[in-house]
Amino acid sequence: MMILITGGSGSGKSLIAEKIGFSLKKDKLYYIATMEAYDSECLERISRHRKQRAGKGFITAEIPYNIISAADNFEKNSSALIECISNLLANEQFDRCSPDPVYEITEGIFKLREGLENIIIVTNETAEDIPPKSGDMIQYLRNIGRINRILAEKSDVVIEAVCGVPLFLRGEEFKNEIGF
């Protein structure tokens, strides 16, 4: 099963994703961390997420870019939680200067999906943010929008997190199966 969770900053996406991960856990539950620590704010967020998942049985894999190359590193009858697409895109677009970061990310996720029982993907809803002024940021927002649409189209369940509440946009029939 593929599940996409979107929402604004601080909306509760991560906790919802973890709850779903535990509900769907088969053999192993991987946490694919995509954030790189560029500054103190990133370090703080990484630390908060590590504390949040400490002792919960996650196997952490830090994959800040080139997710397609890591797809064969996970056991078949397992689940993975990817946190999060917006960080992965920033790394691909700005650090690696990938010629097509949308393709790199979506194909990587589809390759992961082939080998895993379940994949839970956290992304950010950026359509309501303040419009950017720089061309790079405009392209970033276009790319995140394209990635989110492509992933939503292929997902069995799409959830928007609002104030910690999961709003089912698709796949409400799976509510019990994923722990709600």
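**Exercise 1. Find where leucine 167 sits in this predicted model, and work out whether leucine 167 is buried, partly exposed or exposed.**

Solution. Start with the secondary structure: leucine 167 belongs to strand E7, which covers residues 165-170. Next, look at the relative accessible area, which is 38%. Buried would need a value under 20%, and exposed a value over 50%. Since 38% falls in between, leucine 167 is partly exposed. Finally, check the surface around it: Leu167 joins Val162 and Val165 in a nonpolar patch of about 210 Å².

**Exercise 2. Is asparagine 91 buried or exposed, and which residues does asparagine 91 contact beyond its neighbours within four places in sequence?**

Solution. First, locate the residue: asparagine 91 is part of helix H3, residues 85-95. Then take its relative accessible area, just 2%. The cut-off for buried is under 20%, so asparagine 91 is buried. Now for the contacts: with those sequence neighbours set aside, asparagine 91 touches Thr34, Glu36, Tyr38, Pro64, Tyr65 and Arg96.

**Exercise 3. How many aromatic pairs are there, and what is the geometry of the one made by tyrosine 30 and phenylalanine 74?**

Solution. The count comes to five aromatic pairs, with ring centres within 6.5 Å as the rule. For tyrosine 30 and phenylalanine 74, the centres are 4.7 Å apart and the planes make an angle of 75°. An angle over 60 degrees counts as edge-to-face, so that's the label for this pair. Now trace the chain: tyrosine 30 is in strand E2 (residues 29-33), while phenylalanine 74 is in the loop between strand E3 (59-62) and strand E4 (79-83). The two are 44 residues apart, so the pair links distant parts of the chain. As for cover, tyrosine 30 is buried at 7% relative accessible area, and phenylalanine 74 is buried too, at 10%.

**Exercise 4. Classify the pair made by phenylalanine 168 and phenylalanine 180, then say how accessible each residue is.**

Solution. Take the rings first: their centres are 6.1 Å apart and their planes meet at 75°, so phenylalanine 168 and phenylalanine 180 are edge-to-face. Then place them: phenylalanine 168 lies in strand E7 and phenylalanine 180 in the segment after E7, 12 residues apart. Last comes accessibility: phenylalanine 168 has 14% and is buried, whereas phenylalanine 180 has 26% and is partly exposed.

**Exercise 5. Which residues form one aromatic cluster?**

Solution. Look for Phe22, Tyr31 and Phe58: together they make up one aromatic cluster.

Technical notes: Residues numbered from 1 in each chain as written. Predicted model: local features only at pLDDT ≥ 70, side-chain atom pairs only at ≥ 80, totals over all residues. Heavy atoms only, no water. Patch = residues over 30% accessible without salt bridge, like charges linked within 9 Å, V, L, I, M, F, W, Y side chains within 5 Å. Areas by Shrake-Rupley, 256 points an atom, 1.4 Å probe, with all protein chains shown as cover. Salt bridge = Lys/Arg side-chain N within 4 Å of Asp/Glu carboxyl O. Helix = DSSP H or I, 4+ residues; strand = E, 2+ residues; numbered from the N terminus. Buried < 20%, exposed > 50% of the residue type's maximum accessible area, 1.4 Å probe, protein only. Contact = heavy atoms within 4.5 Å. Phe/Tyr/Trp six-rings, centres within 6.5 Å; stacked < 30°, edge-to-face > 60°.
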